[in-house]
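Hello,

Here is the structure I said I would pass on. Please open it first; my notes follow below.

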Amino acid sequence: MTTATHDHDHDHEHHGPAKGLTRWLYTTNHKDIGTMYLWFSFAMFLLGGTFAMVIRAELFQPGLQLVQPEFFNQMTTMHGLIMVFGAVMPAFVGLANWMIPMMVGAPDMALPRMNNLSFWILPFAFAMLTSTLFMEGGGPNFGWTFYAPLSTTYAPPSVTFFIFAVHIMGASSIMGAINIVATILNMRAPGMTLMKMPLFVWTWLITAYLLIAVMPVLAGVVTMMLMDIHFGTAFFNAAGGGSPVLFQHIFWFFGHPEVYIMILPAFGIVSAIIPAFARKRLFGYSSMVYATASIAFLSFIVWAHHMFTVGIPFLGEAFFMWATMLIAVPTGVKVFNWVTTMFRGSMTFETPMLFAICFVVLFTIGGFSGLMLAVAPADFQYHDTYFVVAHFHYVLVPGAVFSIMAGVYYWLPKWSGKMYNETLGKVHFWLSFIGVNVLFFPQHFLGLAGMPRRIPDYALQFADFNMVSSIGGFLFGASQLLFLYIVVHTIVAGKPAPAKPWEGAEGLEWTVDSPAPYHTFSTPPKID
């Protein structure tokens with residue numbers, strides 16, 4: 001701990017009862033801020049999950065039973081927004097805050113006060129976003145992609161608050177990203193060259209550049225919405241010479257890199273866990289770095305694959321189809337490297353490794369369905385069906401969410417000094433694994449059979465698969481309460497963790513060619 005941080009903590013010892021609150025309110029400590037991000041994202045995960053349970057309960061059987069169609073649309077919208085901006089992204093930022101300074105040998109983040117601000121504006125943004133559900137006319141009902149003119153001309157009055165909330169989230173993301181770039185580029189320990197950094201640090205460096213590039217685009221598109229709603233402009237209104245398709249272009253120019261922002265840090269986590277439990281160095285370190293950079297670059301030139309059905313020119317469709325397929329190459333390199341790392345390794349299957357292996361398998365399934373969606377003529381059939389829902393949930397749930405859980409199980413002994421209950425961890429994994437597949441796999445079949453997404457009712461032939469899907473959803477949702485119990489129980493009453501919780505696993509990645517043991521669990525060398 002640096003002298004400055006120590007003095008800061010010391011100051012608060014004299015504040016008596018307020019010490020607890022002020023510690024968290026004013027903290028500039030990267031570990032405290034990382035912890036707050038993680039707890040906040042978990043709260044949002046449970047809230048967004050509750051909205052998803054409403055959706056799955058309504059779709060349990062055909063006919064309208066639990067909620068009005070209008071409220072159903074608000075649920076689909078809020079579920080998407082809260083999971084993307086409230087659960088997945090802040091969780092990755094929390095992991096970055098905790099781990100990056102330690103992985104690069106820095107005393108803290110480069111800009112600690114800004115770090116505090118970038119966290120504390122988030123609870124207010126999401127409080128405002130969720131409060132729209134209680135406003136006259138209800139909350140946002142236009143889907144998480146908020147296509148105009150549904151989100152401008154025909155939107156409920158609460159759309160203005162939604163726009164402001166998105167601005168605040170974007171400001172938080174930009175500040176967090178600048179902080180991460182500044183820390184990695186300026187505060188690495190002597191001898192840690194860029195190509196010696198742990199892959200989690202690399203993936204976050206690249207993710208941070210993506211955030212800095214695309215969050216202003218999101219800010220631009222919601223500002224144009226605001227102008228259309230309140231100031232008489234017609235950016236997205238065809239009657240005034242604007243274009244609804246322009247909205248889609250701007251949104252997806254942000255939105256496509258955004259989905260990679262939600263998966264690249266996951267690649268970094270998995271690239272730390274698999275070598276640890278395979279007791280081998282990661283296969284193809286430099287190819288992993290170049291593959292990550294390639295994915296980031298390609299993510300900027302594929303945005304209109306979300307728009308094959310809006311009538312873009314044939315050559316445009318061809319370009320976006322081939323560019324999208326090209327992303328399969330660096331992604332395939334990564335999967336190959338993970339599998340090769342495991343090949344003939346001395347593997348053990350503790351909870352983090354189970355989540356990591358599950359990530360590799362199910363993320364690959366999501367990648368294959370993504371390749372199917374990349375085929376422009378086929379996409380005319382898949383578009384806006386449950387096939388798309390199945391595809392992106394296979395990427396985001398076993399992908400982003402499972403990797404976050406893997407990271408929590410892997411690093412929790414380091415964070416808390418306590419060991420979680422391995423048996424309960426495995427139970428949580430298997431319940432989640434079964435739940436997530438029962439939930440999302442049938443949706444592929446529903447989509448191929450023609451069931452449209454974001455609709456509260458459906459034809460009779462879709463009933464069986466929807467019931468199966470909903471049962472999987474309730475199982476997956478309930479098993480996350482077990483995860484909450486495991487984490488809290490570990491912190492409150494866990495057994496003290498050994499110095500090397502993953503005995504023989506840690507540090508192997510850094511034994512060869514490594515100037516100093518900067519990796520997560522290693523102890524600094526003794527100086528005589």
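I will start with one residue and then widen the view. M192 sits in the loop between α6 (159-186) and α7 (199-230). Keep in mind throughout that this is a predicted model. M192 counts as buried, because its relative accessibility is 6% and the cut-off for buried is under 20%. Its C-alpha lies 8.7 Å from that of G105, although 87 residues separate M192 and G105 in sequence.

Next, the empty space. Rolling a probe the size of a water molecule over the atoms shows where such space is left. How many cavities of 30 Å³ or more does a search of the whole structure find? It finds two. The largest cavity holds about 160 Å³. Its lining has 18 residues, and those closest to the centre are M89, P90, V93, S172 and S173.

Which helices supply at least two residues each to that lining? They are α4 (69-104), α6 and α7. The biggest share comes from α6, with six residues. So α6 and α7, the two helices on either side of the M192 loop, both help to line the largest cavity. By class, the lining of the largest cavity is 15 nonpolar and three polar residues. It has no charged residues.

Now the whole protein. There are 17 helices and two strands. The radius of gyration is 23 Å, and the globule rule gives 24 Å for 528 residues. The two values are close, so the protein is as compact as a globular protein of that length. The C-alpha trace spans about 75 × 55 × 45 Å along its principal axes. Of the 528 residues, 55% are buried.

Contacts in the protein reach far along the sequence. Take those between residues at least 6 apart: 81% of them join residues at least 24 apart. As for the surface, the protein exposes about 21,300 Å². Carbon and sulfur atoms supply 71% of that area.

Some backbone details are worth a look.

- The peptide bond joining A148 and P149 is cis, with omega at about 0°. P149 is in the loop between α5 (112-131) and α6.
- R279 has a positive phi of about 55° and is not a glycine. It is found in the loop between α9 (264-278) and α10 (285-298). With a relative accessible area of 23%, R279 is partly exposed.
- D384 also has a positive phi, about 60°, and is not a glycine. The loop between α14 (376-382) and α15 (386-416) holds D384. Its relative accessibility is 39%, so D384 counts as partly exposed.

One last residue: S432. Is S432 buried or exposed? It is buried, with a relative accessible area of 0%. S432 belongs to helix α16 (residues 422-448). Leaving out residues up to four places away in sequence, S432 touches F402, F476, S479 and Q480. Of these, F402 falls within α15 (386-416).

Best wishes

Definitions and conventions:
Residues numbered from 1 in each chain as written. Predicted model: local features only at pLDDT ≥ 70, side-chain atom pairs only at ≥ 80, totals over all residues. Heavy atoms only, no water. Helix = DSSP H or I, 4+ residues; strand = E, 2+ residues; numbered from the N terminus. Buried < 20%, exposed > 50% of the residue type's maximum accessible area, 1.4 Å probe, protein only. 1 Å grid on protein atoms, 1.4 Å probe; cavity = no way out; pocket = protein on both sides within 12 Å on 5 of 7 lines; lining within 4 Å. Points joined across faces, edges and corners; volume = space filled by probe spheres on them. Nonpolar A, V, L, I, M, F, W, Y, C, P; charged D, E, K, R; others polar. Rg over C-alpha atoms; globule rule 2.2 N^0.38 Å. Contact = heavy atoms within 4.5 Å. Areas by Shrake-Rupley, 256 points an atom, 1.4 Å probe, with all protein chains shown as cover.
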